[in-house]
Amino acid sequence: MLVLGLESTCDETACAVVRNGQEILSNIVASQADLQSVYGGVVPELASRRHIEVLIPVIDQSLHKANVALEEIDLIAVARGPGLIGALLIGLNGGKALSWALGKPFIGVNHVEAHLYAALMSHTEAVQFPCLGVVLSGGHTAMLFVRSIGDYVLIGQTVDDAIGEAFDKTAKILGLPYPGGPQIEKLAAGRDHSRFPLKAGTVKNQPLSFSFSGLKTAVLYASKGQSANSKDPLILNEEEKKDLAASFQYTAFSDVIHKTFKAAAQYQCQTVIFGGGVCCNQKLKTMFQEANPQLTYLWPHRELTLDNAAMIAGLGYHQYLQKGQGDSLELEAKTRIAF
Ligand code: KG4
Ligand code: ZN
């Protein structure tokens, strides 16, 4: 079964062709990082406009790369949320139009769920269910008990900033361009992570929930002075700045690792699957492996880690088979989706 996937939840316009939920024939991603970096973050209206401009060329390129004609596609899978509403509408309506014009079924996919599916797509060995799912992206930080594909229980999430958002905001405070995650990783490499004693937040009566906004504020005060404003100048030299980036990264990752191990023990999971852009970070993988080499960690391949449409097509395939039919063309975009 050939599935065409579309993704436009935030600032990537992506289209992929995937056979039987696994074999990636093409995976085209048009990033808006150049456009958005000028503003230090994503401007929703600009994102929507760029999606309109590039959606059709990206679809054409994806079909061309896959060497597949539009008529050969069996199913259209689209990310229907969570994300920015204007951005979502472009991909969703594009997918519906294709489905209607081709007379092929259409299915709406949860973008966060697809991030976890990306880890399964990246490995051919059978996954031991139930397992723990950890989503670390720019918009989400969540821990899920995964019984099987499509059967999840949310067991923890952030109560304020997502971890990727904390990386992006910390980078901005330190004067680094958007997206901040890769910049922080580079700056922190080989530096002293104990120079600035920082702490990630805990949530009362929710030991598996996250809070990163206090950590980001602590970075602001450490870099610009107590009660400073984000526009104030840095009071650190270059060496201190690198150590602060390392201290922030180490603190955020230690918190994720600690809570993941707690959840794995509580829910008796031997395997952890990861998803979301922050999983590009090599230090994160090393820290997990060193902290507990007994657990099995399934990380998504690099090309499936940041926002992409192959994961949407892959999960859409399974969802379609499970449901036995496509979704109605009345399906709406959702800025938030509860598990
Ligand atoms: O999953 P994703 O592409 O988009 C969302 O669904 O949010 O994740 C983007 C996030 C950004 O916050 C970006 O800074 C972060 O992933 N990121 C990283 C790294 N590469 C990307 N964070 C830490 N280290 C990295 N190397
Ligand atoms: Zn994402």
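How many nonpolar, polar and charged residues does the shell around ligand 1 have? This is a predicted model, where local features need pLDDT of at least 70, side-chain atom pairs count only at pLDDT 80 or more, and totals for chains, interfaces and linings use all residues. Residues are numbered from 1 along each chain as its sequence is written, chains are lettered from A and ligands numbered from 1 in the order in which they are written, and side-chain values use heavy atoms, leaving out hydrogens and water.

**View 1. The shell around ligand 1.** The split is 6 nonpolar, 11 polar and 3 charged residues (Ala, Val, Leu, Ile, Met, Phe, Trp, Tyr, Cys and Pro count as nonpolar, Asp, Glu, Lys and Arg as charged, the others, Gly among them, as polar). Ligand 1 has 20 residues around it, with Gly138, Gly139, Asp168, Glu185 and Gly277 the closest (a heavy atom within 4 Å). H6 gives the largest share, 4 residues (helices are DSSP runs of H or I, at least four residues, numbered from the N terminus).

**View 2. Backbone contacts to ligand 1.** Oxygen atoms of the ligand sit 2.9 Å from a polar backbone atom of Gly139, 3.0 Å from a backbone N or O atom of Gly181 and 3.5 Å from a polar backbone atom of Val278 (polar contacts are pairs of N or O atoms within 3.5 Å).

**View 3. H4 against H10.** The axes of H4 (residues 111–121) and H10 (residues 310–323) come within 8 Å and cross at roughly 95 degrees (lines fitted to C-alpha atoms over the stretch in contact, angles from 0 to 180 degrees between N-to-C directions). That makes H4 roughly perpendicular to H10 (65 to 115 degrees).

Key:
Helices (H or I, at least four residues) and strands (E, at least two) are DSSP runs, numbered from the N terminus. Angles under 35 degrees count as roughly parallel, over 145 as roughly antiparallel, 65 to 115 as roughly perpendicular and the rest as oblique. A polar contact is a pair of N or O atoms within 3.5 Å; within protein, one must be able to donate a hydrogen and the other to accept it, and residues adjacent in sequence count only if both atoms are side-chain atoms.
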